[in-house]
Amino acid sequence: MSTITQLIHSIPVDPQTGAIAVPIYQTSTFVQEAPGVNKGYDYARSNNPTRETAEKIIAGLEGGAGASAFSSGLAAIDAVIKLLKSGDEILAVDDIYGGAFRLFDKVYKKFGIHVNYIDTSDIETVFHAITPATRLIWLETPTNPTLKISDIAAIASIAKANNVLLCVDNTFASPILQQPIALGADLVIHSATKYLGGHSDLIAGVVISKTEQLAQEIKFYQNACGAVLSPFDSFLLIRGIETLPLRIRQHNLNAQQIAEYLAQHPAVDKVFYPGLPSHPGHELAKRQSKGFGGIISFTLKDDSTAAATAFVTSTQYFKLAESLGGIKSLLCHPATMTHKSIPDEKRRAAGVSDSLIRLSVGLEDAADLLADLEQAFSKQPIPEQVSAAV
Ligand SMILES: *Cc1c(COP(=O)(O)O)cnc(C)c1O
């Protein structure tokens, strides 16, 4: 059976009524026949049939033993960190999602969990960074916003040899393109707010575990700490996932065309997209993923905030907003938006230059998106040095 047929038929028909859509069980508790005798549900924080259906579908997509759905991607990350204890150390990708950095730096540091940020795209660096205190390796691949690629299988074997857990934030790739568990990861997390939901209409997160034991531990923290996904949001998430393979296919096609267009544009300096042969992670991305995704970053020859601001305020279909992975194209300027809190020098050293613009390529017609970018380039201010030279 093909993946898409399997996915569509992993969404169950309601056994009670035959409803073809998943019912929203908007209830807080479940009536018991006798104390402890119930139909598998007792209290909706612990378990809810709508949420459970979402969790099973996503565990299937990622090839895990089980999944737990949370009220945000950050709550999902938080549940994984709760597997650790004071004195433990995390090795994390240096180009990490800003919210994960804030959680590690402002919350978990004070509980004695230390994070070492390293360039995980270099396997030697990972190998040498392991210490006796290392308990967890945290990867994003591709990263945000420079789309760096790390070798999941190679890092999984280092993790295994050192009895360290490997968790991959698979938000950018989605399970349609990349399945970290099959490559050796122990845990996968998603901000389901992005591609899994896919319609920019909910905030959600998921943790998928390779083993039943890890799945039970995460489920324990889900119930003990309580940041569960609501029945209605679980329904929205399922509804979004129904079209995930189709959406991802079109995101890929559109993004590849746009990346190629940007790469030859005279106003563009660098393009970061793993689907371009010039990208340092291209071959690896081709090996470990089935496609290159819908996110592109690029910098302007006029590497200034002014030029980037002019660009991001000139597009019509690309809406200026944080977030990504929805049907509508979005763009953002990390230096003044998502990466604003990082000191300028540190930000530039990480490859996020002043003019870097990130695109989340949506599902509009590619020709319309290209025309939109072209008219935004035509509104670029003439750079000072160029006009002086003329
Ligand atoms: C958005 C995002 C998160 C956080 O998810 P929320 O749903 O916003 O809490 C984590 N990781 C990545 C890569 C993201 O893009």
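The following exercises, each with a worked solution, concern a predicted model.

**Exercise 1. The surroundings of the ligand**

Determine which residues are around the ligand, and how the residues of this shell divide into nonpolar, polar and charged.

Solution.
Step 1. Begin with the place of the ligand: the ligand sits in the largest pocket.
Step 2. List the neighbours. The residues around the ligand are Ser72, Gly73, Leu74, Tyr97, Asp169, Thr171, Phe172, Ser191, Thr193, Lys194 and Ala204.
Step 3. Sort them by character. The shell divides into four nonpolar, five polar and two charged residues.

**Exercise 2. Polar atoms at the ligand**

Identify which polar atoms of Leu74, Thr193 and Lys194 lie 2.9 Å, 2.6 Å and 2.7 Å from an oxygen atom of the ligand, and state how much of the ligand's accessible area the protein covers.

Solution.
Step 1. Consider the backbone. A polar backbone atom of Leu74 is 2.9 Å from an oxygen atom of the ligand.
Step 2. Turn to the side chains. Thr193 has a polar side-chain atom 2.6 Å from a ligand oxygen, and Lys194 has a polar side-chain atom 2.7 Å from a ligand oxygen.
Step 3. Consider the cover. On its own, the ligand has 380 Å² of accessible area, and the protein covers 92% of this.

**Exercise 3. Helix α3**

Establish how many of the residues of helix α3 are buried, and decide whether Asp78 is buried or exposed.

Solution.
Step 1. Count the buried residues. Helix α3 spans residues 73-81, and eight of its nine residues are buried, so that the helix is described as mostly covered.
Step 2. Name them. The buried residues of α3 are Gly73, Ala75, Ala76, Ile77, Asp78, Ala79, Val80 and Ile81.
Step 3. Examine the start of the helix. There, a side-chain oxygen of Ser72 reaches to within 3.4 Å of the backbone nitrogen of Leu74.
Step 4. Examine Asp78, which lies in helix α3. Asp78 counts as buried because its relative accessibility is 18%, and the cut-off for buried is under 20%.
Step 5. Find the partner of Asp78. The side chains of Asp78 and Tyr108 are joined by a polar contact of 2.6 Å.

**Exercise 4. Cis peptide bonds**

State which residues are joined by a cis peptide bond to Pro142 and to Pro145, and where these prolines lie.

Solution.
Step 1. Take Pro142. A cis peptide bond, with omega about 0°, joins Thr141 and Pro142.
Step 2. Take Pro145. The peptide bond from Asn144 to Pro145 is cis, and its omega is near 0°.
Step 3. Locate them. Pro142 lies in the loop between β4 (134-140) and α6 (152-161), and Pro145 is likewise found in the loop between β4 and α6.

**Exercise 5. Positive phi values**

Give the phi of Asn163 and of Ser323, and classify each residue as buried, partly exposed or exposed.

Solution.
Step 1. Read the phi values. Asn163 is not a glycine, yet has a positive phi of about 55°. For Ser323, also a residue other than glycine, phi is near 85°.
Step 2. Locate the residues. Asn163 is in the loop between α6 and β5 (165-169), while Ser323 is in the loop between β10 (319-320) and β11 (330-332).
Step 3. Classify them. Asn163 counts as exposed because its relative accessibility is 61%. Ser323 has 30% relative accessibility and therefore counts as partly exposed.

**Exercise 6. Separation in sequence and in space**

Compare the two separations for the pair Gln26 and Ser230, and do likewise for Tyr117 and Ser234.

Solution.
Step 1. For Gln26 and Ser230, the separation in sequence is 204 residues, and the C-alpha to C-alpha separation is 8.4 Å.
Step 2. For Tyr117 and Ser234, the separation in sequence is 117 residues, and the C-alpha to C-alpha separation is 33 Å.
Step 3. Place one residue of each pair. Gln26 lies in the loop between α1 (3-9) and α2 (49-62), and counts as exposed because its relative accessibility is 60%. Tyr117 lies in strand β3, residues 114-118, and at 28% relative accessibility counts as partly exposed.

**Exercise 7. A residue in a loop**

Decide whether Ser289 is buried or exposed, and find which side chain makes a polar contact with the side chain of Ser289.

Solution.
Step 1. Locate Ser289: it is found in the loop between α11 (282-288) and β9 (295-300).
Step 2. Classify Ser289. Its relative accessible area is 13%, so Ser289 is buried.
Step 3. Identify the partner. The side chain of Ser289 makes a polar contact of 3.2 Å with the side chain of Gln178.

Technical notes
Residues are numbered from 1 along each chain as its sequence is written. This is a predicted model: local features need pLDDT of at least 70, side-chain atom pairs count only at pLDDT 80 or more; totals for chains, interfaces and linings use all residues. Side-chain values use heavy atoms; hydrogens and water are left out. A residue is near a molecule or strand if one of its heavy atoms lies within 4 Å of it. A polar contact is a pair of N or O atoms within 3.5 Å; within protein, one must be able to donate a hydrogen and the other to accept it, and residues adjacent in sequence count only if both atoms are side-chain atoms. Accessible areas come from the Shrake-Rupley method with a 1.4 Å probe; for residues, only the protein chains shown count as cover. On a 1 Å grid over the protein atoms alone, a cavity is a set of points where a 1.4 Å probe fits but cannot get out, and a pocket is an open set with protein on both sides within 12 Å along at least five of seven lines; lining residues have an atom within 4 Å of a point. A molecule sits in a cavity or pocket if more than half of its atoms lie within 2 Å of its grid points. Ala, Val, Leu, Ile, Met, Phe, Trp, Tyr, Cys and Pro count as nonpolar, Asp, Glu, Lys and Arg as charged, and the others, Gly among them, as polar. Helices (H or I, at least four residues) and strands (E, at least two) are DSSP runs, numbered from the N terminus. Buried means under 20% relative accessible area, exposed over 50%, partly exposed in between (1.4 Å probe, protein chains only).
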